[in-house]
Amino acid sequence: MSTFQTIDDLPASSRVLVRLDLNSPIEDGEPRDNRRFERHARTVRELADAGHRVALLAHQGRPGRDDFTSLSGHAAILADHVGREVGFVADTYGEEALAAIEALEAGDVLLLENTRMCDDELPEASPTEKADTEFVRTLAPRFDAYVNDAYSAAHRKHASLVGFPVALPAYAGRVMETEYEANTAIARKEFDGPVTMVVGGTKATDVIGVMDALGDRVDRFLLGGVAGELFLRAAGHPVGRDLEGMDLFDEQWEATHDTVEAILEERGDAIRLAIDLAYEGADGDRAEVRVADLDEKTDAYLDVGSDTVADYGPLIRESDAVFVKGALGVFEDERFADGTVGVLEAIAETDCFSVVGGGDTSRAIELYGLDEADFSHVSIAGGAYIRALTGEPLPAIELLRRADDGGA
Ligand SMILES: Nc1ncnc2c1ncn2[C@@H]1O[C@H](COP(=O)(O)OP(=O)(O)O)[C@@H](O)[C@H]1O
Ligand SMILES: O=C(OP(=O)(O)O)[C@H](O)COP(=O)(O)O
């Protein structure tokens with residue numbers, strides 16, 4: 001028997017509230033298409049084809065950041081993938097939203113506004129507290145069932161993820177089922193040879209928070225991105241300067257530096273740091289500097305350097321398994337893609353077991369013409385998949401489990 005009730009178990013003609021994760025890269029204020037849309041489209045299409053009335057919840061970005069936008073642009077991209085009209089209302093649980101929900105006919109699909117625009121969505125709290133918010137108390141009675149398809153956000157205790165499954169009968173969507181099965185199987189897999197994790201990206205706090213717990217599974221970590229610069233800073237190098245308008249370093253440094261220092265002290269031999277870094281030179285071209293030559297914090301670094309790529313390549317090639325969490329640089333800009341693409345190419349050339357995770361990071365595969373088939377699993381989850389690798393439960397998933405499931 002399946003771990004969850006799935007959308008196959010929904011009563012006919014249900015009014016369903018579905019949580020997706022459409023959190024996407026934003027360029028010039030607009031969302032970019034990515035595999036989150038394509039994968040969630042399957043769940044939405046199946047629900048609409050079955051004649052349910054479908055309202056969708058999703059978030060975009062974090063308040064205060066540039067990527068915190070309305071979901072109006074997301075509806076059109078999703079509609080293309082679903083092959084059906086997807087309505088949008090710029091409201092989540094106010095009168096406009098409730099009227100649009102009320103007007104849904106069988107097979108209709110409606111996307112509600114960014115959940116993080118509601119005060120009740122964040123911050124994290126227990127499922128019962130979140131179920132008791134105005135957001136959940138207002139919307140839940142309008143629906144017969146809640147479907148969670150947002151595996152990649154299941155590590156967050158937000159109202160739309162943990163409140164609704166307390167208030168309504170809860171079901172897993174297709175992405176939730178497949179990601180859960182894949183990542184649970186991966187977490188249990190045993191490897192004979194070295195297991196390597198490539199750690200980068202901007203969400204350093206998420207990954208540093210689980211590195212200790214990953215210690216039994218991962219033999220060595222190859223660092224880059226913002227996470228890598230926090231490690232370099234803890235090792236005494238003057239790095240970690242934000243690009244204008246970004247606030248990636250100071251808060252994350254405050255939150256993680258004790259942990260990073262402890263990891264370097266206790267597991268330093270398992271940590272490989274960049275030996276050179278890339279930045280935008282005065283002429284606008286890519287320039288590189290050796291970390292050992294840095295004596296003051298003058299530049300924002302946007303990629304690991306070419307010697308670092310050359311250093312990481314052989315370590316990947318001799319690995320039995322490689323897990324990628326986060327990009328080694330700002331690969332969306334071709335000048336700073338060498339680290340991320342170099343690592344992905346090294347993985348693709350070997351027959352090691354490999355997982356590439358993260359909504360942003362996994363985009364590098366198609367942007368640089370790599371073949372998804374050369375990786376064992378490409379997850380649309382980043383933080384959630386590495387948390388699953390530690391064997392720790394994901395709060396939103398625990399609430400979907402059947403009562404008679406033995407905790408598989
Ligand atoms: N040094 C850096 N400075 C700023 N951004 C970076 C840096 N290195 C990597 N990135 C960005 O990290 C993003 C991916 O990180 P993150 O959001 O943590 O991962 P994901 O969404 O894939 O889980 C990429 O979009 C890339 O541009
Ligand atoms: O994109 C996400 O996570 P990821 O970057 O770890 O893949 C999820 O939508 C969670 O978003 P959050 O990290 O702002 O809570």
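The UniProt annotation "binding site", from an unreviewed entry, covers D21, L22, N23, R36, H59, Q60, G61, R62, R116 and R156. The model discussed here is predicted. Two of the annotated positions, N23 and Q60, are followed below, then the strands, then the ligand.

**N23 and Q60**

N23 lies in the loop between strand 1 (15–19) and strand 2 (26–27). Is N23 buried or exposed? Its relative accessibility is 14%. Buried means under 20%, so N23 counts as buried. Leaving out residues up to four places away in sequence, N23 touches R36, H59, Q60, G61 and K203. R36, H59, Q60 and G61 also appear in the "binding site" annotation.

The side chains of N23 and Q60 make a polar contact at 3.4 Å. Q60 sits in another loop, between strand 4 (53–57) and helix 2 (72–82). Q60 is buried, with a relative accessible area of 0%. Beyond four places in sequence, the contacts of Q60 include L22, N23, S24 and I26. D67, F68, T69, L71, H74 and N114 are also in contact with Q60. The side chain of Q60 reaches the backbone oxygen of S24 at 2.9 Å.

**Strand 1 and its partners**

Why is strand 1 largely enclosed by the rest of the structure? Four of its five residues are buried, so the surrounding structure largely encloses strand 1. Strand 1 runs parallel to strand 4, and five bridges join the two. Within this pairing, R19 has L57 of strand 4 as its bridge partner. Strand 1 also pairs in the parallel sense with strand 7 (residues 145–148), over four bridges. Here V16 is bridged to A145 of strand 7. Strands of a sheet pair through backbone hydrogen bonds.

**The six-stranded sheet**

An open sheet holds six strands in the order 11-10-9-15-16-17, with parallel pairing. Strand 11 (271–272) and strand 17 (377–378) stand at the edges. Each has a single partner strand, so one side of each is left without a neighbour in the sheet. Strand 15 (residues 321–325) and strand 16 (residues 353–357) run parallel and are joined by five bridges. V324 has V356 of strand 16 as its bridge partner.

**Ligand 1**

Which residues are closest to ligand 1? They are T202, K203, E332, D360 and T361, out of 19 that surround ligand 1. K203 is also one of the residues that N23 touches. Among the elements, helix 9 (residues 225–234) gives the most to the shell, with three residues.

The table lists polar distances between ligand 1 and the protein.

| Residue | Part of residue | Ligand 1 atom | Distance |
|---|---|---|---|
| T202 | backbone N or O atom | oxygen | 3.0 Å |
| Y301 | polar backbone atom | nitrogen | 3.0 Å |
| E332 | side-chain N or O atom | oxygen | 2.4 Å |

Taken alone, ligand 1 exposes 580 Å², and the protein buries 92% of that. T202 and E332 are both among the closest residues to ligand 1. T202 meets an oxygen atom of ligand 1 through its backbone, whereas E332 does so through its side chain. Y301 uses a backbone atom, and its counterpart on ligand 1 is a nitrogen.

Key:
Residues numbered from 1 in each chain as written. Chains lettered and ligands numbered in written order. Predicted model: local features only at pLDDT ≥ 70, side-chain atom pairs only at ≥ 80, totals over all residues. Heavy atoms only, no water. Pairing = 2+ DSSP bridges. UniProt positions renumbered as here; feature names shortened; annotations may be inferred. Buried < 20%, exposed > 50% of the residue type's maximum accessible area, 1.4 Å probe, protein only. Contact = heavy atoms within 4.5 Å. Polar contact = N/O pair within 3.5 Å; in protein donor to acceptor, adjacent residues only side chain to side chain. Near = heavy atom within 4 Å. Areas by Shrake-Rupley, 256 points an atom, 1.4 Å probe, with all protein chains shown as cover.
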